[in-house]
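Q: I'm new to this structure and would like a close look at a single part of it. Could you pick one strand, walk me through its surroundings, and then show me how other parts of the chain fit in?

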Amino acid sequence: MILLKTPDFWSRKYSAISICLLPISVLYYIFYKIFKKSREYFKKKIKLKSKVICIGNITIGGSGKTPSCIFLSKMLKNAGYNVVFLTRGYGRSSKGFKEVLQIDNPNICGDEPILLSRYARTFVYSSLKDVQNINNIKCDFIIMDDGLQNSLIHKDFSILIRDFEYKSGNGLIFPSGPLRCKYKDVLYDMIFNLSYIQEPRIINESSIILKLQISGFEKYLHQNLNQDIHQNLHQKNNIFAFCGLARCDKFFKSLTNSGVILKNTISFPDHYKYTTKDIDLILKIFNPDNNDIIFTTQKDYVKINYLISNTAIHNSIKIVPIDLEIIELENISKIINLISTI
């Protein structure tokens with residue numbers, strides 16, 4: 001498993017490092033195309049009994065796929081549909097098809113599947129053969145977290161996620177940049193490899209079906225923090241934050257934009273598997289006995305919860321969910337109506 005902190009040069013055009021890596025990017029893209037075409041030629045495409053909605057991106061690192069999946073599941077459930085999640089469970093040590101429960105170990109099942117399981121039944125798979133087991137689960141819609149590049153699973157509706165701020169970084173293919181492939185590769189699949197022909201739907205961009213932005217951090221801080229804590233944040237001995245994301249700076253920036261003065265931060269790679277040594281490292285700069293406050297994301301708390309036995313630490317941790325804020329409320333019904341017709 002590759003643990004990744006998004007390199008700074010991925011966001012800068014004409015970086016010397018990016019230019020030097022271009023030959024590797026060319027080889028990577030050629031291999032990607034050959035591998036994809038060979039799989040499509042030798043393997044049969046799978047069509048599941050329930051309607052499949054795939055939410056994915058073409059950039060490496062966080063762009064909001066999981067929050068978008070959660071948001072869409074809430075919309076569909078509120079509309080009366082039965083929804084389940086299907087994901088590979090990046091970073092998990094287990095294999096095969098399995099239903100993920102909230103009490104499961106994130107190292108075994110993956111951190112994002114456990115987070116998803118809080119909102120709907122969630123299943124992980126390893127192979128195409130595993131995927132067909134989902135046919136035994138009664139549901140109206142299957143929401144796939146990631147998988148736009150996998151053209152062997154039939155999708156009835158595909159949503160391409162782009163980070164509203166980061167977009168495509170420097171626009172180059174990995175490792176010169178953050179792109180897994182070219183946009184035209186995915187858009188071709190979204191348009192021509194679906195039985196239901198439609199134009200691609202892009203969330204987090206300014207004009208298509210639903211205008212969204214990931215700004216749940218600020219919303220949480222203003223609405224869910226205890227009023228006394230919010231008033232006394234600046235008086236605490238230590239305001240500390242940590243997370244393991246592709247772009248940890250986004251989380252820290254959201255905290256500071258909400259008026260939190262961070263005295264200490266620790267960044268871990270995306271999908272990082274925390275250990276007791278990491279907890280000890282945190283405790284070196286964090287003292288719950290001094291009424292210190294520690295902020296982390298909901299995704300990270302899922303991974304550290306079972307490692308913490310000290311009640312005082314649990315009480316001092318403020319868990320910040322990554323939600324989607326709806327900017328154009330009148331467009332909610334559009335996406336529901338469009339999906340319900342597939």
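A: Here is a walk around one strand, followed by a look at some helices, cysteines and loops.

Keep in mind that this is a predicted model. The part to zoom in on is strand β9, residues 239-244. Is β9 enclosed or open? Six of its six residues are buried, so the strand is largely enclosed by the rest of the structure. In a regular strand, side chains alternate between the two faces of the sheet. In β9 you can go through the two sides in turn: Ile239, Ala241 and Cys243 sit on one, Phe240, Phe242 and Gly244 sit on the other, and all of them are buried. Both faces of β9 are covered, in other words.

Now for the neighbours. β9 pairs with strand β11, residues 293-297, in the parallel sense, and three bridges connect them. If you want a spot to look for, Ala241 has Phe295 as its bridge partner in β11. β9 also runs parallel to strand β10, residues 264-268, with five bridges joining the two. Here Phe242 is partnered by Ile266 of β10. How does the chain get from β9 to β10? It crosses through helix α9, residues 248-257, and this β-α-β crossover is right-handed. Another pair to find is Cys243, which stands opposite Ser267 in β10.

Follow the chain past β10 and you reach the loop between β10 and α10 (276-284), where His271 is found. His271 isn't a glycine, yet its phi is positive, at about 60°. Most residues other than glycine have a negative phi. His271 has a relative accessible area of 12%, so it counts as buried.

Asp146 makes a good companion to look at. It sits in the loop between β5 (141-145) and β6. Asp146 also has a positive phi, near 80°, and it is not a glycine either. With a relative accessible area of 24%, though, Asp146 is partly exposed; the cut-off for buried is under 20%.

Another backbone detail turns up in the loop between β6 (157-161) and α6 (183-192), which is where Pro175 has its place. The peptide bond leading from Phe174 to Pro175 is cis, and its omega is near 0°. Most peptide bonds are trans.

Since Cys243 came up, what about disulfides? A search of the whole structure finds zero of them. Take Cys69: the closest cysteine sulfur belongs to Cys54, but at 8.2 Å from the sulfur of Cys69 it is too far for a bond. Cys69 has 0% relative accessibility, so it counts as buried. Cys109 is buried too, with a relative accessible area of 1%.

Cys69 is one of the buried residues of α2, a helix of 14 residues spanning 65-78. That helix is mostly covered, with 11 of its 14 residues buried. Among them are Pro67, Ile70, Phe71, Leu72, Met75 and Leu76. At 1.5 Å a residue, α2 should span 20 Å, and its end C-alpha atoms are indeed 20 Å apart. Just after α2, Gly80 takes a positive phi of about 95°.

A little further along is strand β2, residues 83-87, which includes Thr87. Thr87 is buried, at 5% relative accessible area. Its side chain reaches the backbone nitrogen of Gly89 at 3.3 Å.

One more helix is worth a visit: α1, which covers residues 16-42 and has 27 residues. From the first C-alpha of α1 to the last is 40 Å, close to the 39 Å expected at 1.5 Å a residue. Where does α1 bend? The bend, about 45°, is at Leu22, and a proline, Pro23, follows within four residues. The buried residues of α1 are Ser18, Ser25, Tyr29, Tyr32 and Lys36.

To come back to where we started, β9 has both faces covered, and it pairs in parallel with β11 and runs parallel to β10.

Terms used
Residues numbered from 1 in each chain as written. Predicted model: local features only at pLDDT ≥ 70, side-chain atom pairs only at ≥ 80, totals over all residues. Heavy atoms only, no water. Expected span 1.5 Å × (residues − 1). Bend = angle between axes of the 7 residues up to and from the residue. Buried < 20%, exposed > 50% of the residue type's maximum accessible area, 1.4 Å probe, protein only. Pairing = 2+ DSSP bridges. Right-handed = clockwise from strand over helix to strand, strands pointing away. Disulfide = S-S within 2.5 Å. Polar contact = N/O pair within 3.5 Å; in protein donor to acceptor, adjacent residues only side chain to side chain.
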